[in-house]
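Here are my notes on the model you sent, set out as numbered points so that each can be checked against the coordinates.

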Amino acid sequence: MPRAKQLQRADAAERKNVEAALRESEERFRRTFELAGSGLAHVDLDGRFIRVNRRLCEMFGYSEAELVGMLVKDLSHPEDRDAVDERRKKLITGEVETLRLEKRYLRKDGATLWMNVAIAMERDAAGRPLYAVSVLDDITARKHAEEALRESEARYRSTFELAGSGIAHIGLDRKFIRANRRLCEILGYPEHELVGKTGRQISHPDDLDVINAQRKRLYAGEIDHVRLEKRYLRKDGSTVWVAFSMVLERDAEGRPAYEIAIFDDITERKRAERALRESEERFRSLTQLSSDWYWEQDETFALRFMSQRMGEKTGLAASAFIGRKRWDQPALNLGDEDWARHRAQLERREPFREFEMERANPAGGTRWVSVTGEPVYDENGKFRGYRGVGSDVTERKRAEAELHRAHDELAKKAEELERSNAELEQFAYVASHDLQEPLRMVSSYTQLLARRYKDQLPAEAQEFMHFTVDGAARMKQLIEDLLAYSRVGTKGKELVPVSLEAPLKRALTNLRTAIEESGATVSADALPTVDADEVQLAQVFQNLIGNALKFRGKAAPRIHVGAAEQAGEWQISIADNGIGIEPQYFERIFMLFQRLHAMGEYPGTGIGLAICKKVAERHGGRIWVSSTPGAGSTFHFTLPKKEFP
Ligand code: ADP
């Protein structure tokens, strides 16, 4: 066989072998291509699919026929459409061997697909680019999981940071790992100072180990959370009360991993609780120490609460009253009308003071109870009933009743006295008035008898006649005096403002002759204005000054009228330098017809001072004398002071 032929045959065999090998390789590739778990595609330099495998079709939801010839870009998610452009150029030019990236595509049904894409360039023998080989793996599920994780992380972060409570993660070594903003505020430390510290380090000395026992049980799995209240010391040294709760996070194997603790600032609540406790203690001691008691009624006026003192004081058990209205236990001294009035007052929501009731006491007798109350409203302004205090006023009531009785008795006596005085005055007036007429007859006929038959009567009879005339004259004077005395009460004028200068002047005018004859000097202070009967006061001045002139000593009379201002009254005095009066007669001389001297010694009937006393008393004043026998007397009388506008 010629050499050439031999060669030709060998070539043919070789080519067949090669072809067979090629076919086999092609087949292997095709099978691999089709069966690959990843999506595979050949993409030409214009970016169109040349070849796609089944997996790719499944992933995108298109058929092979639809995909081949389609621009890859048209499948891209709008936001990732141009993501590869730049790098693809580098791939084509050979600057890079392969491209790896993650980007989004759109399935035929519009769903978004996340793909992990690896691209390499297929080149010819001369190194010219032929087409791109892309391997696509669907990572949508992973991406979603990552996204969800990220979101959950972010959610957790913001919850952690924005929570109204303080939150901390605490390591198994008890040290803070993380602390949110609120916790930093509550404890007064910046986060970086808190992290690494243990809770114990910043606990209040009195609350150091309060968590330990519960923590032990938490770790042992006996309880699933710790909850307690304790105090911490803030960085500035102040104390903060915290409601502390804690759970334990465990790892997949159930081993403790770290603690999650929640801190709530309850300082304000604790303060309010303490204030409430104090206020309650104050209330308790008040109701225990006070002899009064405290009560509360509900909105129907039924008694809801009554402090113990009530029972002790009145012998009435509080339980007998609880749930009952005040008028369900009628008081002895109150009738239906009184109760209706009290009830109406409560219905008008009026406060009331010292409402007094007399109640039968189980132990016998009765007790007086006084209650004072005010309406109560809740924070929404809704009426909730009444509250107030009560006291046992039995003693006071008894004293008051006694006082009333005594007062009434006194008033009755005064009334009787006044009536008998008036009767007496009336009698004196009528008697003296009616006596005047027969007396006048006696005296005029005796005088007539004396005149006509004087010469015919023996001397002795003449003397008797003289006594008769004299007696009649004296009796006339007495009757006139008595009339004058009784007129002070019956014929007095209304009291009007009077300057005492006027009655004094009137008296001095009447006494002018007597003053001149005795050579007396009369001086006077400035006198006030008072409510008075001017005529009667003129009579008082006249009687007193008249006496001072009459009961003179050897020296010429010196008389002074004084006026002294005192609390609520004026004291007027008439002082003389006369014979004076023995102290034992200081009272007697003011009585009717009482005199210290015989008629012949000093004239008079003893009516003057009695009239002065009656006038002073009618004016609401008093009269008395002070004297040194032989040196002089001073008569004093008072008159109530009056403010004149
Ligand atoms: P009378 O002047 O008519 O005797 P009075 O009632 O005026 O009646 O006085 C009663 C008595 O008081 C007088 O009798 C006199 O003894 C005494 N008396 C009154 N004023 C004075 C006086 N200024 N000095 C001394 N004695 C007096």
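1. The sheet. In this predicted model, five strands form an open sheet in the order 12-11-15-14-13, and their pairing is antiparallel. Strand 12 (303-306) and strand 13 (352-360) are the edge strands, each of them pairing on one side only, and from one strand to the next the twist averages 30°.

2. A strand pair within the sheet. Strand 11 (residues 293-297) is joined to strand 15 (residues 383-392) by five bridges in the antiparallel sense; as a point of reference for the register, Trp293 has Gly390 in strand 15 as its bridge partner.

3. Helices on the sheet. Helix 12 (residues 336-347) lies across strand 11, strand 13 and strand 15, and runs at about 140° to strand 13. Helix 13 (residues 394-453) also packs on the sheet, where it touches strand 13, strand 14 (366-377) and strand 15, with a direction that makes about 120° with that of strand 14.

4. Aromatic pairs. The structure holds 21 aromatic pairs, of which two are described here. The ring centres of Phe60 and Tyr105 are 5.4 Å apart and the ring planes stand at 90°, so this pair is edge-to-face. Because Phe60 belongs to helix 2 (residues 54-60) and Tyr105 to strand 3 (residues 98-106), the pair ties together parts that are 45 residues apart in sequence. Phe60 counts as buried at 1% relative accessibility, and Tyr105 is likewise buried, its relative accessible area being 5%. In the second pair, Phe301 and Tyr386 have ring centres 6.2 Å apart and planes at 50°, so the pair is tilted. This pair links distant parts of the chain, since Phe301 sits in the loop between strand 11 and strand 12 while Tyr386 is in strand 15, 85 residues apart; both Phe301 and Tyr386 are buried.

5. The aromatic cluster. Which residues do ring pairs link into a cluster with Phe301 and Tyr386? The other members are Trp295, Trp327, Trp339, Phe352, Phe355, Tyr377 and Phe383.

6. Helix 17. Does the end-to-end distance of helix 17 (residues 534-550) agree or disagree with the span expected at 1.5 Å a residue? The 17 residues should span 24 Å, and the end C-alpha atoms are 24 Å apart, which agrees. Of these 17 residues 12 are buried, so helix 17 is largely enclosed by the rest of the structure; among the buried residues are Gln536, Phe541, Asn543 and Asn547, together with Leu537, Val540 and Ile545. At the start of the helix, the backbone nitrogen of Val535 has a side-chain oxygen of Asp533 within 3.2 Å.

7. A buried lysine. Lys614, in helix 18 (residues 608-618), has 14% relative accessibility and therefore counts as buried, the cut-off being under 20%. Leaving aside residues up to four places away in sequence, Lys614 touches Glu425, Tyr485, Ser486, Val488 and Gly489.

8. A hairpin. Strand 6 (residues 166-170) and strand 7 (residues 176-179) pair in the antiparallel sense over three bridges, and His169 has Arg178 in strand 7 as its bridge partner. The two strands form a hairpin with five residues between them, and in the turn Arg174 has a positive phi of about 75°.

Note on methods:
Residues are numbered from 1 along each chain as its sequence is written. This is a predicted model: local features need pLDDT of at least 70, side-chain atom pairs count only at pLDDT 80 or more; totals for chains, interfaces and linings use all residues. Side-chain values use heavy atoms; hydrogens and water are left out. Two strands pair if DSSP finds at least two bridges between them. Helices (H or I, at least four residues) and strands (E, at least two) are DSSP runs, numbered from the N terminus. Axes are lines fitted to C-alpha atoms, for helices over the stretch in contact, and angles run from 0 to 180 degrees between N-to-C directions. Contact means heavy atoms within 4.5 Å. The expected span of a helix is 1.5 Å times one less than its number of residues. Buried means under 20% relative accessible area, exposed over 50%, partly exposed in between (1.4 Å probe, protein chains only). A polar contact is a pair of N or O atoms within 3.5 Å; within protein, one must be able to donate a hydrogen and the other to accept it, and residues adjacent in sequence count only if both atoms are side-chain atoms. Rings of Phe, Tyr and Trp (its six-membered ring) pair if their centres lie within 6.5 Å; planes under 30 degrees apart count as stacked, over 60 as edge-to-face and the rest as tilted.
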